[in-house]
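Subject: Structure handover and notes

Hello,

Here is the structure you were going to take over. Please open it and keep it in view while you read the notes below.

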Amino acid sequence: MIVIFSGAGLSAESGIPTYRDTGGVWEKYNMEEVATPLAWMQNRKLVLDFHAEDFEYMQKCQPNAAHLAIAELANHVDVVCITQNIDTLLEKAGVKDIWHIHGRIDYQKCEWHFDIPPMYSDWQCDYKSLINEPVKLGDLCPKCGKHLRPDVVWFGEAVDMHVDDLYRIQNQVDVFIVVGTSAQVYPAANLLKFFQNVPRKYFIDPDPNTELLDGFTLLKGKATKYLPALVESLKEELA
Ligand code: APR
């Protein structure tokens, strides 16, 4: 089995900006104003406008050669894609087994019920649906009447790391590929530790954080250069 852990760099060459590179999203926006529960409480319109912009261009973008290479690989071997990306370019490329640990821009859900403490989180409304247009101010949950919000994970919110599935596959993984992430955001970045004993590990990134590379073969460059080449060599091995 091959696990591919991806970040914004995977989609960069499809025209989607990364977050922390020069010219990235967090240079243009203050994350505290657009991507936290507090921001949602203070200025829903700003938060929704930020996500609406994401929705519009992410819907238009197309998978690049790296997404397509992953789809090709999945035709030959079990591939699990764990992505921090909220775009759906892996889906568009035809990949099936994708865990969107930071959510998906093309889904909406009922807003968090801020007025209850976390131990009562079972009381939250579980409404969620696919959308064709971005969530707008005034869009209310058809189930409970609270406001709708994009189904993405904001800073400070819980992340569904698929823990049961992670432990299920941990000892079956032969190859672990990390592509296009600064691995600065937790708990996602814990995956590097979780899969540290996988026999073969590759890190694809033009500007990787060198502290993360222990045990990895570094392929220093863009995803569209190295993923298709790596997939070809893995396919040859499997043939
Ligand atoms: N190919 C591969 N990697 C690339 C490319 C490319 N063409 N272009 C840039 N990169 C690399 C950068 O060198 C950097 O290491 O992609 C990485 C992008 O890092 P970030 O911008 O921090 O994105 P990511 O790691 O996905 O961020 C994690 O932070 O803001 C949150 O929720 C957001 O999911 C996101 C999380």
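With which residue does Lys136 form a salt bridge? The partner is Glu133, and the closest N and O atoms of the two are 3.4 Å apart. Lys136 is partly exposed, at 42% relative accessibility. Glu133 also counts as partly exposed, with a value of 49%. Please keep in mind that this is a predicted model.

The rest of the notes go through the domains, then the strands, then the other salt bridges, and end with one loop residue.

Domains

The chain is divided into two domains. Domain 1 is made of residues 1-14, 64-102 and 159-239. Domain 2 is made of residues 17-60 and 105-152. Their C-alpha centres lie 26 Å apart.

How many residues of domain 1 are in contact with domain 2? The count is 11, and these touch 11 residues of domain 2. The size of an interface is often given as the accessible area lost when the parts come together. Here the two domains bury about 860 Å² between them, and 60% of that is on carbon and sulfur atoms. On the domain 1 side, Ala8, Ile86 and Thr88 lose the most area to domain 2; together they make up 48% of what that side buries. The rule finds 0 salt bridges across this interface. Polar contacts between domain 1 and domain 2 come to 2 residue pairs, with both residues of each pair at pLDDT 80 or more.

Strands

Start with β1, which covers residues 2-6. Is this strand mostly covered or mostly open? It is mostly covered, since 5 of its 5 residues are buried, and the cut-off for buried is under 20% relative accessible area. On one side of β1 are Ile2, Ile4 and Ser6, on the other are Val3 and Phe5, and all of these are buried.

β1 pairs with β2 (residues 79-83) through 5 bridges, and the two strands run parallel. In that pairing, Ile4 has Cys81 of β2 as its bridge partner. β1 is also joined to β7 (residues 175-179) by 5 bridges, again parallel. Here Val3 has Phe176 as its bridge partner, and Ile2 stands opposite Val175.

Why is β7 described as largely enclosed by the rest of the structure? Because 5 of the 5 residues of β7 are buried. One side of β7 carries Val175, Ile177 and Val179, the other carries Phe176 and Val178, and all of them are buried. β7 is joined in turn to β8 (residues 200-204), with 5 bridges and a parallel run. In β8, Lys201 stands opposite Phe176. If you are tracing the strands on screen, Phe176 is a useful residue to find: it is the bridge partner of Val3 in β1, and it faces Lys201 in β8.

Salt bridges

By the rule used, the structure has 15 salt bridges. The one between Lys136 and Glu133 was given above; two others follow.

The side chains of Lys235 and Glu72 meet in a salt bridge at 2.7 Å, N to O. This pair links distant parts of the chain: Lys235 is in helix α10 (residues 223-238), Glu72 is in helix α6 (residues 65-74), and they are 163 residues apart. Lys235 counts as buried because its relative accessibility is 17%, which is under the 20% cut-off. Glu72 is partly exposed, at 28%. Both belong to a network of salt bridges that links Glu72, Glu232 and Lys235.

The side chains of Lys143 and Asp126 also meet in a salt bridge, at 2.3 Å, N to O. Lys143 lies in the loop between β5 (128-130) and β6 (148-152), and Asp126 in the loop between β4 (103-110) and β5, so the pair ties together parts that are 17 residues apart in sequence. Lys143 is exposed, with a relative accessible area of 56%. Asp126 is exposed as well, at 57%.

A loop residue

Where does Asp214 lie? It is in the loop between β8 and β9 (217-219). Asp214 is exposed, with a relative accessible area of 68%. Its C-alpha atom is separated from that of Leu192 by 9.6 Å, and the two residues are 22 apart along the chain.

Regards

Conventions. Residues are numbered from 1 along each chain as its sequence is written. This is a predicted model: local features need pLDDT of at least 70, side-chain atom pairs count only at pLDDT 80 or more; totals for chains, interfaces and linings use all residues. Side-chain values use heavy atoms; hydrogens and water are left out. Buried means under 20% relative accessible area, exposed over 50%, partly exposed in between (1.4 Å probe, protein chains only). Helices (H or I, at least four residues) and strands (E, at least two) are DSSP runs, numbered from the N terminus. Two strands pair if DSSP finds at least two bridges between them. Domain bounds come from an automatic or database domain assignment. Contact means heavy atoms within 4.5 Å. Buried area is the accessible area (1.4 Å probe) that two parts lose on being put together, summed over both. A salt bridge is a side-chain nitrogen of Lys or Arg within 4 Å of a carboxyl oxygen of Asp or Glu. A polar contact is a pair of N or O atoms within 3.5 Å; within protein, one must be able to donate a hydrogen and the other to accept it, and residues adjacent in sequence count only if both atoms are side-chain atoms.
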